[in-house]
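Reader: Please take a close look at one part of this chain and work outward from it. I would like the cut-offs stated as you go.

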Amino acid sequence: MADTSRLPAPVAETWEWQRHGNCRNLDSSVFFHPDGERGFARADRVARAKQICMSCPVIVECRHHALTAEEPFGVWGGLDETERRAMILRRKQLLSSAEKEQECVSVTP
């Protein structure tokens with residue numbers, strides 16, 4: 001389940017971007033895999049979802065949301081689960097490295 005504690009409150013202006021997404025009135029099964037989907041079927045569905053995302057006017061907002069909420073499932077902002085996990089992990093590693101570096105700098109006389 002996505003961690004929504006990092007997200008802004010449910011204020012209409014904050015979420016307005018969702019009304020403009022290419023996915024707005026499409027079947028969610030294009031973006032979220034059914035139980036047991038694997039192999040070519042999954043790759044084909046993900047490719048179709050990403051194609052829809054690539055021309056979306058709110059791809060940046062959608063991707064930002066997915067990375068901030070750490071959405072665990074589906075294609076969001078043109079990224080699938082594996083791509084998002086890798087980006088989130090990389091961001092955490094960079095933040096951890098920066099924090100360690102800052103600690104070293106502040107300890108050094």
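Author: Setting aside neighbours within four places in sequence, Arg-45 is in contact with Ser-29, Val-30, Phe-31, Phe-32, His-33, Pro-34 and Glu-37; contact means heavy atoms within 4.5 Å. This is a predicted model, in which local features need pLDDT of at least 70 and side-chain atom pairs count only at pLDDT 80 or more, while totals for chains, interfaces and linings use all residues. Residues are numbered from 1 along each chain as its sequence is written, and side-chain values use heavy atoms, with hydrogens and water left out.

Arg-45 belongs to helix 2, where helices are DSSP runs of H or I with at least four residues, strands are runs of E with at least two, and both are numbered from the N terminus. Arg-45 has a relative accessibility of 3% and counts as buried. Buried means under 20% relative accessible area, exposed means over 50%, and partly exposed is in between, using a 1.4 Å probe and protein chains only. A polar atom of the Arg-45 side chain lies 3.3 Å from the backbone oxygen of Val-30.

Glu-37, one of the residues that Arg-45 contacts, sits in the loop between helix 1 and helix 2. Glu-37 is buried as well, at 13% relative accessible area. Leaving out residues up to four places away in sequence, Glu-37 touches Arg-42 and Arg-45.

Arg-42 leads on to helix 4. The side chains of Arg-42 and Glu-81 meet in a salt bridge, at 3.5 Å from N to O. A salt bridge here is a side-chain nitrogen of Lys or Arg within 4 Å of a carboxyl oxygen of Asp or Glu, and by that rule the count comes to seven. The Arg-42 and Glu-81 pair links distant parts of the chain, with Arg-42 in helix 2, Glu-81 in helix 4, and their positions 39 residues apart. Glu-81 is buried, with a relative accessible area of 9%, whereas Arg-42 is partly exposed at 25%.

Lys-50, Asp-80 and Glu-83 are linked in a network of salt bridges. For Lys-50 and Asp-80, the closest N and O atoms are 3.7 Å apart. Lys-50 lies in helix 2 and Asp-80 in the loop between helix 3 and helix 4, so this pair ties together parts that are 30 residues apart in sequence. Asp-80 is buried, with a relative accessible area of 15%. The side chains of Lys-50 and Glu-83 meet at 2.8 Å, N to O. Glu-83 is in helix 4, so the pair with Lys-50 of helix 2 ties together parts that are 33 residues apart in sequence. Glu-83 counts as partly exposed, at 30% relative accessibility.

Two of the residues in contact with Arg-45, Phe-31 and Phe-32, lead to further features. Take Phe-31 to begin with. Phe-31 is named with Ala-49, Cys-53 and Val-75 as having the most contacts inside the largest nonpolar core, which has 13 residues. Such a core is a set of buried Ala, Val, Leu, Ile, Met, Phe, Trp, Tyr and Cys residues joined through side-chain atoms within 4.5 Å. Helix 2 and helix 3 are the elements that give two or more residues to this core. Val-75 touches Phe-31, Val-46, Ala-49, Lys-50, Cys-53, Asp-80 and Arg-84, again not counting residues up to four places away. The contacts of Val-75 therefore include Lys-50 and Asp-80, which form one of the salt bridges described above. In helix 3, the buried residues include Ile-59, Cys-62, His-65 and Ala-66. Just after helix 3, Glu-70 takes a positive phi of about 55°.

Now Phe-32. A search of the whole structure finds one aromatic pair. It is formed by Phe-32 and Trp-76, edge-to-face, with 6.2 Å centre to centre and 80° between the planes. Phe-32 is in the loop between helix 1 (12–15) and helix 2 (39–54), and Trp-76 is in the loop between helix 3 (59–69) and helix 4 (81–107), 44 residues apart. The rule pairs rings of Phe, Tyr and Trp (its six-membered ring) with centres within 6.5 Å; planes under 30 degrees apart count as stacked, over 60 as edge-to-face and the rest as tilted. Phe-32 is partly exposed, at 34% relative accessible area, while Trp-76 is buried at 16%.

As for the chain as a whole, it has four helices and zero strands. Of its 109 residues, 29% count as buried. Among contacts with a separation of 6 or more, 46% are between residues 24 or more positions apart.

Methods
A polar contact is a pair of N or O atoms within 3.5 Å; within protein, one must be able to donate a hydrogen and the other to accept it, and residues adjacent in sequence count only if both atoms are side-chain atoms.
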